[in-house]
Amino acid sequence: MAWIVLVLSGICEAVWAVALDKSQGFTKIIPVIVFFCGLAASMAGLSYAMRSISVGTAYVI
């Protein structure tokens, strides 16, 4: 289960990175909302996955 969460966290990280670019300096509200939701989901998933996967491995993935 931790591996699935880790992969989904990686996808969320890509989503927030794209949303950050689309927000044009935090001037567009929808990409800003997507950015913060993606960032929160990515970090929460990474912290959950690191309970069973070593830190180095989880961070690299």
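# Notebook: rings, loop and cysteines

**Entry 1, Phe35.** I started with Phe35, which counts as buried at a relative accessibility of 9%. The cut-off I applied is that buried means under 20% relative accessible area. I note here that I am working with a predicted model.

**Entry 2, confidence.** I then looked up how confident the predictor was. The chain has a mean pLDDT of 94, and 100% of its residues reach 70 or more. By element, H2 has the highest mean pLDDT, at 96, while helix H3 (residues 55–60) has the lowest, at 88. I kept one general caution in mind: where pLDDT is low, predicted coordinates should not be read in detail.

**Entry 3, aromatic pairs.** How many aromatic pairs does the count come to? I wrote down 4 aromatic pairs. I looked at Phe26 with Phe35, where the ring centres are 5.6 Å apart and the planes stand at 70°. Planes over 60 degrees apart count as edge-to-face, so this pair is edge-to-face.

Phe26 also pairs with Phe36, and here the rings are stacked, with 6.2 Å from centre to centre and 25° between the planes. This pair links distant parts of the chain, since Phe26 is in the loop between H1 and H2 and Phe36 is in helix H2, 10 residues apart. I then noted which residues the ring pairs link into a cluster: Trp16, Phe26, Phe35 and Phe36.

**Entry 4, exposure in the cluster.** Is Phe26 buried or exposed? I found neither: Phe26 is partly exposed, with a relative accessible area of 47%. Phe36 is partly exposed too, at 46%. Phe35, with its 9%, is buried.

**Entry 5, the loop.** I looked up backbone angles next. Phi of Phe26 is near 60°, which is a positive value in a residue other than glycine. Gln24 also has a positive phi, near 50°, and is likewise not a glycine. I wrote these two down because most residues other than glycine have a negative phi. Where does Gln24 sit? Its place is in the loop between helix H1 (2–22) and helix H2 (29–49). Phe26 is also placed in the loop between H1 and H2.

**Entry 6, cysteines.** I searched the whole structure for disulfides and found 0. Why does Cys12 have no such bond? The closest cysteine sulfur to that of Cys12 belongs to Cys37 and is 9.8 Å away, which is too far for a bond. The limit I used for a disulfide is sulfur atoms within 2.5 Å. From the other side, Cys37 is in no disulfide, and its nearest cysteine sulfur is that of Cys12. I also looked up the exposure of Cys12, which counts as partly exposed at 23% relative accessibility.

**Entry 7, Tyr48.** My last stop was Tyr48, which lies in helix H2. At 38% relative accessibility, Tyr48 counts as partly exposed. Which residues does Tyr48 touch, leaving out those up to four places away in sequence? I listed Met1 and Val5. I also checked Tyr48 against Phe36: the two are 12 residues apart in sequence, and their C-alpha atoms are 18 Å apart in space.

Methods:
Residues numbered from 1 in each chain as written. Predicted model: local features only at pLDDT ≥ 70, side-chain atom pairs only at ≥ 80, totals over all residues. Heavy atoms only, no water. Helix = DSSP H or I, 4+ residues; strand = E, 2+ residues; numbered from the N terminus. Buried < 20%, exposed > 50% of the residue type's maximum accessible area, 1.4 Å probe, protein only. pLDDT = per-residue confidence, 0-100. Phe/Tyr/Trp six-rings, centres within 6.5 Å; stacked < 30°, edge-to-face > 60°. Contact = heavy atoms within 4.5 Å.
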